[in-house]
Each structure stands twice: as structure tokens, then as C-alpha cells.
Amino acid sequence: MSKQPEAPKGPATAVDVSGEDIHWNQDISYGSYLKLDELLECQTPLSDKHDEMLFVIIHQASELWMKCCIHEIGAAMEHVKADTLGPVFKMLARVARIQTNLKQSWEILSTMTPSDYAEFRGDLGQSSGFQSFQYREIEYRLGNKSERMAEAHKANPKRYQRLQTVLDEPSFYDLCLQLLAKRGFDIPDDVLNRNWREPYSANDKVEAAWLTIYRDPKKYWDLYELAEKLVDLEHHFHAWRFAHMKTVERIIGYKRGTGGTGGVSYLVKALDLRFFPELWTLRTSL
């Protein structure tokens, strides 16, 4: 019997059905790279009800997508600080498309009926999406600052301190307005040097600056593109919020949320919030 050749010790090669060579590193596999064993152990429903698995997976997947949003928004903010806007456009476009994916997740969850949810809702205790510290960071980064909302995370010092740090920093929109000032636009000092822990309030001079940009997009093309990417981002964010509200209404009606919020009534109020107000109001003035 002939001796079998030893397996190569370097990167291995295989051939797929198309006849093309496939190379992989023998020290790493798809499962180990993605830590699938650990990831797939994280879905642990508290009840034996069929629909709770969907509920868990939807929310865990949403948290992963929000982690990606934070990654992209943080990087985009650094580029705005450096006045290197090219990469910002791709990053903001990516966040907006992630929001579309998050909106789709609510449509999947809406396949769960009120009776389905009622079977395990009592097992959730006081847990609520309201307690998502990643969602809160996204809102803070985009400008919806509220110190009170951070209090829900006080029991976890690390997360609470993270949110306090974000509260103390300029929001994405604040950085964009600082950039306008650097480019020579008349942005008031009380806008550029304000208490970052407070939510931003619309300003007539800021709207006038954006109007100048919108009236001559060829001259201010990168700032015009930045503004439209911000509008696109907020548009998709509101669509996600709306889908969330309608899904909650469809499944639990007007019951209070598990975390003590007003449920649908609380979510409806959130639809009125604006991150970048002048970019919406200027459209009437154009």
C-alpha cells in the first residue's frame, strides 16, 4: 500500500464547483472567525413558548447592527473634525441602510400576534428596549441629548460613564456646524460654544448658512452632500422609529411598556424629535 502524502502545512487549497482555487488559513475557520459557538449560545429564551426565540433573535441582531452604527458614526465624526468629508459620505450612507435593515426587523417581528406575545411577556420582567444603552448612545451622538435618559443605566457604572462621556461631547451635528464656521459661515458663538449636554435648538443663522449652501450646491458641493447624507440618515431613522411604534401598537395595543414607559404613546412622541432641524425647515425657504 502506498504511503499517503502528508497534508500541506501552509495555507490549504481546494477547488469549488466552478473550478476556481479556494485558499484558506488552516488556523482559522468560518465558525472560529465569527465565534459562532459563543454567538449561537446567546439565544436563551426564558419560557418554552415558540415565539420567544424570534423575539430574542430580533433584539440581539438589532443590538449588533447598532454596534455597527456606533462604529460608523464615531469614525465619521472624526473625519468631520479633520475636514476630510469624502469617507463621511460612505459611512453615513451605510448607517442609513442599516436603519433600513432595522426597520425590516420590526416587520419580521410583526408576524408575532398579540396572543403569541402574551404567552411569554410576563417572563420578561422589567426588561425593555428603553434600556438599550447602545440606542441611547446613537441618539446622543446624533444630538438627542437627555441626561435623564442616562439614569436607566446607572446600575452599570461602565455603561453609565460611557453615556456621560458622550453627553459631554459635541454631537455629530455640532461638529458639522463647527465645520461650517471653519469654512467661513456665520455661525453664532452661542451655537459653537454651548453646553453639549443640552439638546440642540434650531437657529435662524444656522438655517441661513445651510440655505447659502443649498442655493449654490456646485460651489459648496461637499457641504451640500454632507447635508443630504444627514437628511437621508434622519429620514431612515424616523422610518425605523415609525415601524417600531406600529409594531408595538399591533402587538400590545396601548398597554404600558415592560420597562414602565407609556408604550405606544411614548414612541409616538419620539417621532416628533429632530436631529438636524434646519436641514428640514430650509426646504420651505428654498
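The following exchange concerns a predicted model and takes up one of its pockets, its nonpolar cores and one helix.

Trainee: Which helix gives the most to the lining of the second largest pocket?

Mentor: The second largest pocket has a volume of about 240 Å³, and its lining includes Leu39, Leu40, Ile57, Gln60, Leu64 and Gln134. Helix H2 (36-40) and helix H3 (52-81) each supply at least two residues of that lining. With six residues, the one that gives the most is H3.

Trainee: How do the residues of the lining of the second largest pocket divide into nonpolar, polar and charged?

Mentor: Among the lining residues are Cys42 and Ala61, together with Gln43, Glu63 and Lys67. Glu and Lys count as charged, whereas Cys and Ala count as nonpolar. Over the whole lining, the division is six nonpolar, three polar and two charged.

Trainee: Which helix supplies the largest share of the largest nonpolar core?

Mentor: This core has 64 residues, of which Phe172, Trp210 and Leu279 touch the most other members. Its largest share, 13 residues, comes from helix H12 (residues 221-252). A separate second core of seven residues includes Tyr140, Met149, Val166 and Leu167. For the largest core, then, the helix asked for is H12.

Trainee: What covers the buried residues of H11?

Mentor: Helix H11 (residues 204-215) has twelve residues and reaches 16 Å from its first C-alpha to its last, close to the 16 Å expected. Its buried residues are Val206, Glu207, Ala209, Trp210, Leu211, Ile213 and Tyr214. The elements that cover these buried residues include helix H9 (172-182), helix H10 (189-192), H12 and helix H14 (277-285).

Technical notes. Residues numbered from 1 in each chain as written. Predicted model: local features only at pLDDT ≥ 70, side-chain atom pairs only at ≥ 80, totals over all residues. Heavy atoms only, no water. 1 Å grid on protein atoms, 1.4 Å probe; cavity = no way out; pocket = protein on both sides within 12 Å on 5 of 7 lines; lining within 4 Å. Points joined across faces, edges and corners; volume = space filled by probe spheres on them. Helix = DSSP H or I, 4+ residues; strand = E, 2+ residues; numbered from the N terminus. Core = buried A, V, L, I, M, F, W, Y, C linked by side-chain atoms within 4.5 Å. Buried < 20%, exposed > 50% of the residue type's maximum accessible area, 1.4 Å probe, protein only. Expected span 1.5 Å × (residues − 1). Contact = heavy atoms within 4.5 Å.
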